[in-house]
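Okay, everyone, thanks for coming. I'll put the structure up and then walk through it strand by strand, helix by helix.

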Number of protein chains: 2
Amino acid sequence: MNILISNDDGIQAPGILTLAEVAREFGAVTIVAPNSPQSAMGHAISLGKPLRLYKEKLADGSWGHACNGTPADCVKLATGVLMKENLPTLVLSGINHGSNSSVSSIYSGTLSAAREGAIQGIPAIGFSVLDHHQAADFSQYKDILRKIIFQAISQPLGNGNLLNVNIPRIPFEEIKGIKVVRQAKGRWVEEFDERKDPFGESYYWLTGKFLLQDTEADNDETVLKAGYVSVTPMMHDLTDYSRLEIVKNWEF
Amino acid sequence: MNILISNDDGIQAPGILTLAEVAREFGAVTIVAPNSPQSAMGHAISLGKPLRLYKEKLADGSWGHACNGTPADCVKLATGVLMKENLPTLVLSGINHGSNSSVSSIYSGTLSAAREGAIQGIPAIGFSVLDHHQAADFSQYKDILRKIIFQAISQPLGNGNLLNVNIPRIPFEEIKGIKVVRQAKGRWVEEFDERKDPFGESYYWLTGKFLLQDTEADNDETVLKAGYVSVTPMMHDLTDYSRLEIVKNWEF
């Protein structure tokens with residue numbers, strides 16, 4: 001395997017080291033990641049801004065490539081420049097600090113790196129742990145990563161597939177298993193924190209609470225709360241097929 | 001109707017004026033849009049950066065609200081602060097300069113503003129014209145906007161619906177009609193333009209060509225090429241249901 005790793009927490013984020021360590025069991029690893037945190041960057045790409053790519057030493061002594069763009073830019077630069085002659089056969093992203101379950105899959109920079117791989121026809125997996133603490137011990141989850149990567153390699157899903165993996169914030173020993181589930185219905189409810197700057201002008205901090213709007217149990221949010229790892233296959237065809245036939249009947 | 005309008009080309013982009021002009025036929029209009037171009041911002045939101053919101057006069061003499069964030073931030077600020085007591089009943093985004101068909105629906109800032117409305121349960125429509133020229137005459141397409149907004153209001157699609165509307169770059173008289181179609185299979189193939197800065201270091205401009213990978217005709221790319229307006233209902237549940245059952249059979 002020729003494995004490309006990226007993330008959205010930045011090239012020096014600890015999660016990337018754990019992911020690379022496991023990935024090296026499966027093949028050669030190339031790291032291309034943003035040179036600054038890019039959380040919640042969605043599937044942004046840089047138009048009208050030149051991109052830089054340079055080597056940077058990571059905390060475990062290995063080398064990666066830092067990029068001044070978004071997570072999706074990193075994957076584009078990897079496949080379009082750095083690995084052009086030797087394209088990746090697997091794209092991994094993460095391990096992210098914090099959940100990318102439910103609707104967060106749309107805001108997530110972690111998943112956008114993986115999705116960019118999927119769009120290019122390369123199998124891709126995004127990993128997230130529901131723990132925002134910088135000191136979070138991601139290495140305890142290595143066996144989970146290993147099992148999921150192994151299955152994804154062994155049983156190819158065909159062109160354009162992306163797996164969204166979320167790991168609950170509990171010790172490895174307490175994790176009950178891995179469940180394959182759909183994205184939960186839900187959304188973030190904003191609560192803006194309005195403040196005044198020293199000049200009397202208002203500014204706003206975006207804060208919010210997640211609102212689960214799902215009544216069934218077979219979704220990522222629910223299994224994560226129950227102590228399971230969630231795995232959700234995702235796509236980038238956004239067509240709402242359930243409404244397509246309805247709208248076809250409109251008379252314009 | 002209480003209509004919120006945003007875009008990704010920035011609050012002073014001409015497309016927003018045409019869209020607001022048509023929208024006022026249907027109700028009260030509030031404009032909240034980025035204070036700088038935000039093309040290809042995907043569904044990015046601003047975490048860790050305070051947001052500003054201020055009134056700004058537009059070229060037609062009307063007033064809008066500018067925000068220093070992304071298109072999705074604009075909609076969040078509108079529903080969370082500005083219109084909190086009088087929530088929008090329709091979110092419109094655009095008119096965008098350039099196509100948001102096929103996989104561009106994922107990179108698009110225009111659609112992320114509309115999608116943010118849909119996530120919040122507000123019906124939403126994103127409008128794009130396949131014309132990057134700043135002097136593009138968007139006003140000729142007013143009747144198309146009018147017809148689509150009228151249908152969307154008259155025949156509600158229920159919670160979380162988003163329509164992606166693309167208009168071909170041909171004179172209004174030559175447009176053959178409106179077709180409701182799915183997102184085309186396709187992707188952008190990167191061609192990075194590598195240059196050297198005055199200090200001898202490389203930098204890269206992201207350029208690319210769209211590669212249509214669809215063999216059927218019932219998609220947005222194909223009908224746009226044939227001279228039709230495309231309307232695609234879109235969703236924000238990214239679950240790949242076609243692969244969900246397959247992955248459920250994996251043994252971890």
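So, start with β5(A) and strand β6 of chain A, residues 124-129: they pair in the parallel sense, over five bridges. If you want one pair to click on, take A:Val91, whose bridge partner in β6(A) is A:Ala124. A:Val91 also looks the other way, as the bridge partner of A:Leu4 in β5(A). That second pairing belongs to strand β1 of chain A, residues 2-6, which runs parallel to β5(A) and is joined to it by four bridges. And how covered is β5(A), residues 90-97? Mostly covered: eight of its eight residues are buried. Keep in mind that this is a predicted model.

Now, a backbone oddity in that strand. The peptide bond from A:Gly94 to A:Ile95 is cis, with omega near -10°, and A:Ile95 has its place in strand β5 of chain A. Chain B has a cis peptide bond too, joining B:Gly94 and B:Ile95, with omega about -5°; B:Ile95 lies in β5 of chain B. I bring it up because most peptide bonds are trans.

Staying with phi and omega for a second: A:Ala40 has a phi near 60°, a positive value in a residue other than glycine. Where does A:Ala40 lie? In the loop between β2 (28-34) and β3 (53-57) of chain A. With 23 C-beta neighbours inside 10 Å, A:Ala40 counts as buried. B:Ala40 also has phi near 60°, sits in the loop between β2 and β3 of chain B, and is buried, with 24 other C-beta atoms within 10 Å.

Let's go over to chain B for the whole sheet. It's an open sheet of nine strands, mixed in its pairing, and the order reads β3-β4-β2-β1-β5-β6-β7-β13-β8. Which strands are at the edges? β3 (53-57) and β8 (177-180) of chain B, each pairing on one side only. On average, neighbouring strands are turned by 25° against each other, direction ignored. Inside the sheet, strand β2 (residues 28-34) and strand β4 (residues 63-67) of chain B run parallel, with three bridges joining them, and B:Pro34 stands opposite B:Cys67 in β4(B). Here's the bit I like: a helix from the other chain, α7 of chain A (residues 241-248), packs on this sheet, touching β8 and β13 (228-234) of chain B, and its direction makes about 140° with that of β13(B). Helix α1 of chain B (residues 15-23) packs on the sheet as well, touching β1, β2, β5 and β6 of chain B, at about 145° to the direction of β5(B).

Next, the inside. Helix α4 of chain A, residues 109-119, is mostly covered, with eleven of its eleven residues buried. Just after α4(A), A:Gly121 takes a positive phi of about 85°. As for the core, the largest nonpolar one has 138 residues, and A:Ile125 and B:Ile125 touch the most other members. Beyond its neighbours within four places in sequence, A:Ile125 contacts, among them, A:Leu92, A:Ala114 and A:Ile148.

Last, the dimer question: how do the chains meet? 58 residues of chain B are in contact with 58 of chain A. The chain B side has 32 nonpolar, 16 polar and ten charged residues. A rotation of 180° with 0.0 Å of shift along its axis superposes chain B on chain A, RMSD 0.0 Å, and that is the relation of a two-fold axis. In chain B, B:Gly42 comes closest to that axis, at 2.6 Å by C-alpha. And 100% of the interface residues of chain B are also interface residues in chain A, so the copies meet through the same surface.

How values were computed
Residues are numbered from 1 along each chain as its sequence is written. Chains are lettered from A and ligands numbered from 1 in the order in which they are written. This is a predicted model: local features need pLDDT of at least 70, side-chain atom pairs count only at pLDDT 80 or more; totals for chains, interfaces and linings use all residues. Two residues are in contact if their C-beta atoms, placed from the backbone, lie within 7 Å. Ala, Val, Leu, Ile, Met, Phe, Trp, Tyr, Cys and Pro count as nonpolar, Asp, Glu, Lys and Arg as charged, and the others, Gly among them, as polar. Copies are superposed by least squares on the C-alpha atoms of residues with pLDDT of at least 70 in both. A residue is buried if 20 or more other C-beta atoms lie within 10 Å of its own, exposed if 12 or fewer, and partly exposed in between; C-beta atoms are placed from the backbone. Helices (H or I, at least four residues) and strands (E, at least two) are DSSP runs, numbered from the N terminus. Two strands pair if DSSP finds at least two bridges between them. Axes are lines fitted to C-alpha atoms, for helices over the stretch in contact, and angles run from 0 to 180 degrees between N-to-C directions. A nonpolar core is a set of buried Ala, Val, Leu, Ile, Met, Phe, Trp, Tyr and Cys residues joined through C-beta atoms within 7 Å.
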